[in-house]
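Here are a few short exercises to help you find your way around a new structure. Take a look at the model, try each task, then read the solution.

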Amino acid sequence: MNEPTSRQRRGGTAPEDAPFRPRRARPVGLAVAAGLAVVLVGMAVGLSLAESTDWTVADSALTAVFGLLLCGGIVRVVSVRAVPTEEALVVRNVVLTHRVRWDEVTGVRFGRDDPWLVLDTGDGEELAVMAVQRADGEHARAEAQRLARLVRRRAPHALRD
C-alpha cells in the first residue's frame with residue numbers, strides 16, 4: 001500500500017489505493033494533545049515545587065496519568081482512517097476497527113447533512129467511515145468519490161447513492 005506523497009496530501013489527487021484520512025482534524029488534534037500535555041506537566045511540576053500548596057507527589061502522578069489518558073484519547077480520535085486492501089476496506093474509527101469485504105458493500109453515501117461517509121452493507125447495517133469527514137469540504141467529496149470508484153471496481157454489484 002502506498003502512502004500519499006506530500007504533494008498529494010497538500011491538494012493533488014491521492015493514488016486510488018491510498019489510505020483515507022481526515023485532512024484537518026489530525027494536525028489540530030495533535031497540536032491540542034501536545035499543548036495539553038505541556039500544560040498538565042507544567043502544572044504538576046509547578047504545583048509540586050511550590051511551597052504554599054498542599055500538592056503532593058501523588059497529585060502530580062495522578063495529573064500525569066489523567067493527562068496521558070486525555071492525550072491518548074485525542075490521538076485516537078485523530079487517528080481514524082480507512083485502508084483499502086485487495087479483499088476489504090479496514091475502517092478504524094474512534095473506538096472500533098471493522099474489516100468490510102468489498103462484496104459486502106452495497107452502497108456508499110455522503111449526504112449533505114452527514115458528518116462523515118457511510119457504507120451500507122449487505123446485512124442491512126451502516127458503517128460510518130469517520131476518515132472522510134464533512135469538515136474537510138471539497139477534499140472530503142473527492143475522497144468519497146474515490147471510495148465509490150474503489151467499491152465500483154472491486155464490488156461491481158454494489159448499489160451506490
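**Exercise 1. Find which residues Thr-63 is in contact with, leaving aside its neighbours within four places in sequence.**

Solution. Step one: look for heavy atoms within 4.5 Å, which is what contact means here. Step two: skip the neighbours within four places in sequence, and you're left with Leu-40, Met-43, Ala-44 and Trp-55. Step three: place the residue itself; Thr-63 lies in helix α3. With a relative accessible area of 9%, Thr-63 counts as buried (buried is under 20% relative accessible area, exposed over 50%, partly exposed in between, with a 1.4 Å probe and protein chains only).

Before you go on, a word on the ground rules. This is a predicted model, where local features need pLDDT of at least 70 and side-chain atom pairs count only at pLDDT 80 or more, while totals for chains, interfaces and linings use all residues. Residues are numbered from 1 along each chain as its sequence is written, and side-chain values use heavy atoms, with hydrogens and water left out.

**Exercise 2. Work out which residues of α3 are buried, and why they are on the same side.**

Solution. Start with the helix: α3 covers residues 57-78 (helices are DSSP runs of H or I with at least four residues, strands are runs of E with at least two, both numbered from the N terminus). Next, pick out its buried residues: Ser-60, Thr-63, Gly-67, Cys-71 and Val-78. They share a side of α3 because they cover an arc of only 65 degrees around the axis, taken from the directions from the helix axis to the C-beta atoms. Now turn to the other side of α3, where Leu-62, Leu-68 and Leu-69 are exposed. Finally, ask what does the covering: α2 (25-49) is included in what covers the buried residues.

**Exercise 3. Give the order of the three strands in the open sheet, and say whether the pairing is parallel or antiparallel.**

Solution. First, the order is β1-β2-β3, and the pairing is antiparallel (two strands pair if DSSP finds at least two bridges between them). Second, β1 (81-84) and β3 (97-101) are the edge strands, each pairing on one side only. Third, zoom in on one pair: four bridges join β1 to β2 (residues 88-92). Val-83 has Val-90 as its bridge partner in β2.

**Exercise 4. Count the helices and strands of the protein chain.**

Solution. You should get four helices and six strands. Reading from the N terminus on, they run α-α-α-β-β-β-β-β-β-α. As a last step, check the burial: of the 161 residues in the chain, 35% are buried.

Notes:
The expected span of a helix is 1.5 Å times one less than its number of residues.
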